[in-house]
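Good morning. I will take a few minutes to walk through one protein model, starting with its empty spaces and ending with its sheets. Please have the sequence and the structure open.

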Amino acid sequence: MEAILLVHGGAGDITDARVDGKLDGMKQALRSAKEHLWPSSGEDGNALDAVEAAVREMECNGNFNAGYGACLNLEEKAEVEASIMDGAELKAGCVTLLHDILHPISVARCVMEKTKHSFLGGTAAQKFALEQGFEQLEDGSLVTKDALLALNEFKNLQAKGLDTTYARTELDVPGEPGTVGAVAIDSKGNIAVATSTGGITGKVPGRIGDTPLLGCGTYADNSIGGVSTTGHGETIMRFNLAQQILSKIRYEKKTAQQATEDACKEMTERLIGTAGAITIDRKGQIGIYWTSKRMAWAYTKGTNIICGINHNEKFIEEL
């Protein structure tokens with residue numbers, strides 16, 4: 001099996017000023033994860049290690065809405081969430097409502113590997129993270145100037161009585177960064193998925209999005225494939241987007257690309273909200289599609305990086 005690592009950096013009304021930062025950030029994520037999927041030692045790569053490494057890199061980058069740079073709730077706080085899934089045994093770890101923890105994706109992996117549970121949230125998740133040795137950063141350490149500007153703009157729109165239901169997602173606020181995700185298949189055919197986000201600007205404290213929900217933001221099954229989604233969380237949750245894509249692959253015998261495209265289109269046609277998704281099926285075929293204006297995506301098979309952000313666009317450079 002040919003190993004592949006595929007990532008996204010969010011889908012929506014991404015401004016021109018954000019394009020280069022997103023493309024560069026995804027390339028760096030692929031490079032930082034390369035050793036996990038194509039070890040220089042010649043050993044077999046590990047899809048789970050690769051997706052975690054890629055997402056960790058993007059959680060440190062303010063061009064994305066995950067970890068540092070996360071969107072802010074109405075109280076100007078960053079509440080982050082993440083999920084990770086191993087398609088070999090259908091094991092998963094999910095966390096939500098963490099604060100001042102830089103790498104929620106790694107906390108999610110700890111939940112998967114070190115507890116008998118799959119999902120921890122709020123104060124319990126925070127306590128667990130600290131017990132596992134994760135650093136409690138100073139209050140507000142994940143907050144960026146851009147995130148504060150986006151929140152202020154959101155509040156101004158609300159004050160004017162404008163509808164913010166769909167237009168003000170984590171991806172549709174001008175200048176605001178987007179959720180991150182990664183899907184990988186290794187040489188043994190194991191599939192893993194990881195997704196991490198700060199949610200949506202102006203959310204009510206305690207709001208939980210699609211990212212930590214299995215079948216919505218993340219799902220991996222070696223017998224079918226793996227999916228990471230991004231976009232309007234409430235819409236993705238209601239449509240169960242990741243599972244819809246995999247169902248089209250399994251039951252309708254569609255390719256990864258066709259299943260991803262059809263499911264995203266169906267969701268937006270029925271529920272208005274936009275989204276995007278990245279997919280790798282059990283045969284190693286990839287799917288990339290979004291119904292929003294833009295989605296940042298990139299992948300590698302170990303040599304070149306193929307990436308893009310606009311529809312019908314593709315760039316190629318060496319890994």
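A term before anything else: a cavity is a set of grid points where a 1.4 Å probe fits but cannot get out. Rolling a probe the size of a water molecule over the atoms shows where empty space is left. Please keep in mind that this is a predicted model.

How many cavities of 30 Å³ or more does a search of the whole structure find? The search finds one. The largest cavity holds about 40 Å³ of space. Its lining is made up of Glu 76, Lys 77, Ala 78, Asp 100, Asp 139, Gly 140 and Val 143. Sorted by class, that lining has four charged residues, two nonpolar and one polar.

One residue of that lining, Asp 100, leads us to Leu 137. Leu 137 sits in the loop between helix H4, residues 122–131, and helix H5, residues 145–159. Which residues does Leu 137 contact, leaving aside its neighbours within four places in sequence? They are Asp 100, Leu 102 and Leu 142. For a sense of distance, take Leu 137 and Val 19: 118 residues separate them in sequence, and their C-alpha atoms are 29 Å apart in space.

Now the pockets. The largest pocket has a volume of about 280 Å³. It is lined by 13 residues, and the closest to its centre are Gln 257, Ile 288, Trp 290, Trp 297 and Glu 313. By class, this lining divides into seven nonpolar, four polar and two charged residues. Strand E10, residues 286–290, and strand E11, residues 294–300, each supply at least two residues of the lining. Of the elements, E10 gives the most, with four residues.

The second largest pocket has a volume of about 200 Å³. Among the residues lining the second largest pocket are Arg 250, Lys 253, Lys 254, Asp 281, Arg 282 and Lys 283. Its lining counts six charged residues, three polar and two nonpolar.

Let us step back to the whole protein. Its secondary structure comes to eight helices and 13 strands. The C-alpha atoms fill a box of roughly 55 × 45 × 35 Å along the principal axes. With 319 residues, a compact globule would have a radius of gyration near 20 Å, and the protein's 18 Å agrees with that.

Next, the sheets. Strands of a sheet pair through backbone hydrogen bonds, either parallel or antiparallel.

One open sheet has nine strands, in the order E4-E3-E2-E6-E5-E1-E11-E12-E13, with mixed pairing. Why is one side of strand E4 and of strand E13 left without a neighbour in the sheet? E4, residues 119–121, and E13, residues 315–318, stand at the edges, and each has a single partner strand, so one side of each has no neighbour there. Neighbouring strands of this sheet are turned by 10° against each other on average, direction ignored.

At the E4 edge, strand E3, residues 91–98, pairs with E4 in the parallel sense over three bridges. One bridge to look for links Val 95 to Leu 120 in E4. Helix H2, residues 47–59, lies across strands E1, E2, E5 and E6 of the sheet. The helix runs at about 160° to E5.

The other open sheet we will look at has four strands in the order E7-E8-E9-E10, with antiparallel pairing. Here the edges are strand E7, residues 218–221, and E10; each has a single partner strand, so one side of each is left without a neighbour in the sheet. The twist averages 10° from one strand to the next.

E7 pairs with strand E8, residues 225–231, in the antiparallel sense over four bridges. In one of them, the partner of Thr 218 is Ser 228 in E8. Two helices belong in this picture. Helix H7, residues 241–251, lies across E7, E8 and strand E9, residues 275–281, and runs at about 140° to E8. Helix H8, residues 256–271, packs on the sheet and touches E9 and E10, with its direction at about 25° to that of E10.

To close, go back to E10 on your screen. E10 is an edge strand of the four-stranded sheet, and E10 also gives four residues to the lining of the largest pocket. That is where I will stop.

Technical notes. Residues are numbered from 1 along each chain as its sequence is written. This is a predicted model: local features need pLDDT of at least 70, side-chain atom pairs count only at pLDDT 80 or more; totals for chains, interfaces and linings use all residues. Side-chain values use heavy atoms; hydrogens and water are left out. Two strands pair if DSSP finds at least two bridges between them. Axes are lines fitted to C-alpha atoms, for helices over the stretch in contact, and angles run from 0 to 180 degrees between N-to-C directions. Contact means heavy atoms within 4.5 Å. On a 1 Å grid over the protein atoms alone, a cavity is a set of points where a 1.4 Å probe fits but cannot get out, and a pocket is an open set with protein on both sides within 12 Å along at least five of seven lines; lining residues have an atom within 4 Å of a point. Grid points are joined across faces, edges and corners, and a volume is the space filled by probe spheres set on the points. Ala, Val, Leu, Ile, Met, Phe, Trp, Tyr, Cys and Pro count as nonpolar, Asp, Glu, Lys and Arg as charged, and the others, Gly among them, as polar. The radius of gyration is taken over C-alpha atoms; the globule rule is 2.2 Å times the number of residues to the power 0.38.
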